[in-house]
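Me: I am new to this structure and should like to be guided through it step by step. Please show it first, and then answer my questions.

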Amino acid sequence: MSDNTAVFPYQSPPAWEQRKLGQHLKLSRELGHTGVDARKLTVKLWGKGVVEKTDLYGGSAQTQYYIRHAGQFMYGKLDFLHAAFGVVPDKLDCFESTLDSPAFDIEGLDSSFLLNLVTQEDFYLKNGNIANGSRKAKRIHEETFLNMEIRAPELVEQRRIGAFLDRLDSLITLHQRKYCGVVSWMLGVALVRLSSEK
């Protein structure tokens with residue numbers, strides 16, 4: 001019998017190691033303004049990112065805000081079970097949030113890989129059940145979050161996976177927009193036809 005490695009030169013993928021998030025994330029607590037003066041940001045549900053917060057009622061002088069920087073990972077303590085995770089985009093550099101949306105500097109993890117990992121139900125539902133509070137208002141504190149375990153390959157492989165998933169997400173978004181455009185056009189044609197038949 002011949003050696004199959006010559007026919008099928010397959011290398012196994014790099015090993016995925018189990019790690020605690022605290023090995024790669026460092027809590028940021030850079031003091032900012034009060035709720036009156038802060039330029040605010042918030043973390044959207046279902047991994048939809050970090051966005052500017054519209055504050056219709058102003059803010060409180062008693063509420064302390066903290067400065068967040070582009071590339072930092074954030075989550076919503078009260079919305080962990082709704083996958084409130086994101087990475088601060090460049091355009092929101094130096095915007096601020098309260099401690100209910102903590103931010104972390106990322107070291108040795110690809111941000112796209114991390115975001116795709118934590119937005120998986122098997123991560124946020126499993127880990128969210130260990131939180132303090134009632135079923136509707138569980139709060140994941142920073143220490144609890146940093147002790148959560150993930151499995152991840154080497155950084156080079158994380159970057160490949162993160163880039164692939166980003167491209168895939170962009171393609172899905174593009175096709176959804178095209179579909180919505182076609183549906184809107186068809187609806188417009190139907191309305192014109194219906195109004196001309198009257």
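**The pair Lys77 and Glu142**

Reply: To begin with one residue, Glu142 is buried, with a relative accessible area of 4%. Please note that the model is a predicted one.

Me: With which residue does the side chain of Glu142 meet in a salt bridge?
Reply: Glu142 lies in helix 4 (residues 142-146), and its partner is in the loop between strand 7 (73-75) and strand 8, 65 residues apart from it. That partner is buried, with a relative accessible area of 7%. The N to O distance of the salt bridge is 3.2 Å, and the residue that Glu142 meets is Lys77.

Me: Which residues are joined into one network by salt bridges that share partners?
Reply: Glu157 and Arg160 form a salt bridge with the closest N and O atoms 2.7 Å apart, and these two residues are separated by about one helical turn because they are three residues apart in helix 5. The network formed through shared partners consists of Arg29, Lys77 and Glu142.

Me: Is Arg160 buried or exposed?
Reply: Its salt-bridge partner is Glu157, and Glu157 is buried with a relative accessible area of 19%. Arg160 has a relative accessibility of 53%, and residues over 50% count as exposed. Arg160 is therefore exposed.

Me: What is the N to O distance in the salt bridge of Arg19 and Glu17?
Reply: Arg19 counts as buried at 11% relative accessibility, whereas Glu17 counts as partly exposed at 47%. Their side chains meet in a salt bridge, with an N to O distance of 3.9 Å.

Me: How many salt bridges does the count come to?
Reply: The pairs include Arg19 with Glu17, Lys77 with Glu142 and Glu157 with Arg160. The count of salt bridges comes to five.

**Helices and surface**

Me: How many helices and strands does the protein have?
Reply: Among the helices are helix 3 (residues 121-128) and helix 5 (residues 155-197). One of the strands is strand 9 (residues 96-97). The secondary structure comes to five helices and 11 strands.

Me: Why are the buried residues of helix 3 on the same side of the helix?
Reply: The buried residues of helix 3 are Phe123, Tyr124, Asn127 and Gly128. They are on the same side because they cover an arc of only 100° around the axis.

Me: Which exposed residues does the face of helix 3 turned away from its buried side carry?
Reply: The buried residues of helix 3 pack against strand 8 (85-87), helix 2 (111-118) and strand 11 (149-152). The face turned away from the buried side carries the exposed residues Glu121, Asp122 and Lys126.

Me: Which residues form a nonpolar patch on the surface?
Reply: One member is found in helix 5: Ile172, which is partly exposed with a relative accessible area of 43%. The patch has about 270 Å² of accessible area together, and its residues are Phe164, Leu168 and Ile172.

**Ser97 and its surroundings**

Me: Which side chain is joined to that of Ser97 by a polar contact?
Reply: Ser97 is found in strand 9 and is buried, with a relative accessible area of 2%. Not counting residues up to four places away in sequence, Ser97 touches Leu41, Tyr65, Tyr66, Arg68 and Met74. The polar contact is 2.9 Å, and it joins the side chain of Ser97 to that of Arg68.

**Backbone and overall figures**

Me: What value is phi of Ala83 near?
Reply: Most residues other than glycine have a negative phi. Ala83 is found in the loop between strand 7 and strand 8 and is buried, with a relative accessible area of 1%. Its phi is positive, near 55°.

Me: What value is phi of Trp46 near?
Reply: Trp46 is found in the loop between strand 4 (41-43) and strand 5 (50-52). Trp46 is partly exposed, with a relative accessible area of 47%. Its phi is a positive value in a residue other than glycine, near 60°.

Me: What percentage of the residues in the protein is buried?
Reply: The protein exposes about 13000 Å², of which carbon and sulfur atoms supply 54%. There are 198 residues in the protein, and the buried ones make up 30%.

Terms used
Residues numbered from 1 in each chain as written. Predicted model: local features only at pLDDT ≥ 70, side-chain atom pairs only at ≥ 80, totals over all residues. Heavy atoms only, no water. Helix = DSSP H or I, 4+ residues; strand = E, 2+ residues; numbered from the N terminus. Buried < 20%, exposed > 50% of the residue type's maximum accessible area, 1.4 Å probe, protein only. Polar contact = N/O pair within 3.5 Å; in protein donor to acceptor, adjacent residues only side chain to side chain. Contact = heavy atoms within 4.5 Å. Arc of directions from axis to C-beta. Patch = residues over 30% accessible without salt bridge, like charges linked within 9 Å, V, L, I, M, F, W, Y side chains within 5 Å. Areas by Shrake-Rupley, 256 points an atom, 1.4 Å probe, with all protein chains shown as cover. Salt bridge = Lys/Arg side-chain N within 4 Å of Asp/Glu carboxyl O.
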